[in-house]
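Here are a few exercises to work through with the model open on your screen. Try each task before reading its solution.

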Amino acid sequence: MTVLVEGGHIAEIADKSIGVNPLWTPPWPSIEPSTYDRARHPEYGADAESKLLAGIMGHNLCLDLFGGPSEAEAAAGLTVHGESSVARYDITSEAQEITERVSLPLAELRFERRLRLRPGSRAIHITETVENVSALDRPIGWTQHVTLGPPFLVPGSTEFRAPATRSKVIETDFSGGKGYMRIGAEFDWPHVPRIGGGTVDMRVYTSAPVSAAYSAHLMDPHREQAWFVAFSPQSKLLFGYVWKRPDFPWLGIWEENHSRDRPPWNGKAMTRGMEFGASPMPETRRAMIERGSLFGVPGYRWLEAKRKLTVDYCAFLMPAARVPESVEWDGEGVRAS
């Protein structure tokens with residue numbers, strides 16, 4: 001397990017026996033976000049996302065925003081997915097635990113993440129606490145932007161499962177005209193309506209040479225736990241996360257498959273984001289609040305003045321012969337069946 005100081009990203013959860021890390025490593029050289037300068041680093045672009053892209057990797061925390069800042073927020077220094085994605089974390093480690101802490105002055109929040117791995121265990125127990133240091137109750141976005149990439153991610157091969165129910169494709173053309181999902185379509189997981197007719201099974205990564213997409217999925221409201229798994233037939237590894245559904249009722253699925261030609265993407269990236277959180281869609285703060293809910297389920301969380309919120313979830317990586325249809329976490333280990 002590898003954690004980055006700047007951005008706090010969980011960059012690697014690897015099976016050392018075969019050297020496979022399911023999490024995404026960008027195909028461009030990374031730099032520390034604090035060293036990014038728009039004039040000196042045009043290779044990362046020149047917008048509110050560039051500072052994040054300069055150092056992004058693997059599992060990225062989106063707090064207190066899931067999506068892009070408004071024009072005014074960007075002018076004030078806020079980046080895509082909020083300052084948690086680019087801030088410098090204080091990191092301490094012990095034999096079985098890593099702790100990340102950061103203060104977010106623009107958002108007026110404090111954040112702590114503890115990652116614990118017991119000897120011999122295949123599950124990392126993660127606890128996060130967000131503290132509102134302001135005197136105002138406030139709505140927040142809070143999403144775990146987990147992104148998978150090669151060599152674990154293989155076109156037409158890598159399989160996915162999740163207890164999703166009602167789903168919706170984002171209402172804008174997220175793909176720049178290169179997508180296959182019908183914009184704004186509502187559907188039942190996993191069969192998303194295709195542009196021009198028919199459906200696509202989202203349980204298998206696309207085999208298209210070029211594509212892009214984003215869709216939001218409501219986790220089964222009758223379950224206490226929510227989860228996703230990804231299975232690589234090539235490496236025979238099962239990777240996934242389990243969390244408490246009331247904490248994060250939404251799973252966003254993002255696909256970038258050689259579609260973005262602008263820097264730093266340059267048509268080279270292949271990803272699948274499995275982004276579980278409090279919000280269904282990546283959007284501005286105003287849009288998040290105006291949306292309010294989707295399918296009758298809130299699209300953000302309230303954090304009261306001077307109060308804290310704490311969540312527990314786990315990430316796991318284990319050998320497997322096939323993709324399971326059910327996963328459970330008992331607080332220590334994961335059982336897949």
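For sorting pocket linings, Ala, Val, Leu, Ile, Met, Phe, Trp, Tyr, Cys and Pro count as nonpolar, Asp, Glu, Lys and Arg as charged, and the others, Gly among them, as polar. Keep in mind that this is a predicted model.

**Exercise 1. The pockets**

Task: Find the largest pocket and sort its lining by class.

Solution:
- Start with the space: the largest pocket holds about 580 Å³.
- Next, pick out the lining. It is made up of 30 residues, and E49, V80, F174, R260 and P282 sit nearest the centre.
- Look at which elements take part: α1 (50-55), β14 (211-219) and β17 (250-257) are the ones that give two or more residues to this lining.
- Now sort: you should get twelve nonpolar, eight polar and ten charged residues.

Task: Do the same for the second largest pocket.

Solution:
- Its volume is about 300 Å³.
- This pocket is lined by 14 residues, with M1, I13, A14, D15 and L117 closest to the centre.
- Strand β22 gives the most to the lining, with three residues.
- The sorting here gives eight nonpolar, two polar and four charged residues.

**Exercise 2. The core and its strands**

Task: Which residues have the most contacts inside the largest nonpolar core?

Solution:
- The core in question has 59 residues, and Y241 and W243 have the most contacts inside it.
- Strand β22 (residues 308-319) is the top contributor to this core, giving five residues.
- Take Y241 and list its contacts, skipping anything up to four places away in sequence: among them are I13, H59, V146, W227, F276, Y313 and F316.
- Don't mix this up with a second, separate core, which has 19 residues, V86, I170, A269 and M281 among them.

Task: How many residues of strand β16 are buried, and which strands does β16 pair with?

Solution:
- Strand β16 spans residues 237-244, and seven of its eight residues are buried.
- On one pairing, β16 runs antiparallel to β15 (residues 225-232), joined by eight bridges. A226 faces W243 there.
- Follow the chain between these two strands: they make a hairpin with four residues in between, and K236 in the turn has a positive phi of about 55°.
- Strand β16 also pairs with β22, again antiparallel, through seven bridges. Check L238, which stands opposite M318.

**Exercise 3. Unusual backbone**

Task: Where are the cis peptide bonds from P150 and P263?

Solution:
- Recall the background: most residues other than glycine have a negative phi, and most peptide bonds are trans.
- The bond from P150 to P151 is cis, with omega near 5°, and P151 is in the loop between β8 (138-148) and β9 (159-161).
- P263 and P264 are also joined by a cis bond, with omega about 0°. P264 belongs to the loop between β17 and β18 (270-277).

Task: Is H81 buried or exposed, and what about H258?

Solution:
- Phi of H81 is positive, near 70°, and H258 has a positive phi too, about 60°.
- H81 is in the loop between α2 (71-75) and β4 (90-93), while H258 is in the loop between β17 and β18.
- With a relative accessible area of 9%, H81 falls under the 20% cut-off, so H81 is buried.
- Beyond four places in sequence, the contacts of H81 include L52, N60, C62, F66 and H145.
- H258 comes out at 29%, which is between 20% and 50%, so H258 is partly exposed.

How values were computed: Residues numbered from 1 in each chain as written. Predicted model: local features only at pLDDT ≥ 70, side-chain atom pairs only at ≥ 80, totals over all residues. Heavy atoms only, no water. Core = buried A, V, L, I, M, F, W, Y, C linked by side-chain atoms within 4.5 Å. Buried < 20%, exposed > 50% of the residue type's maximum accessible area, 1.4 Å probe, protein only. Contact = heavy atoms within 4.5 Å. 1 Å grid on protein atoms, 1.4 Å probe; cavity = no way out; pocket = protein on both sides within 12 Å on 5 of 7 lines; lining within 4 Å. Points joined across faces, edges and corners; volume = space filled by probe spheres on them. Pairing = 2+ DSSP bridges.
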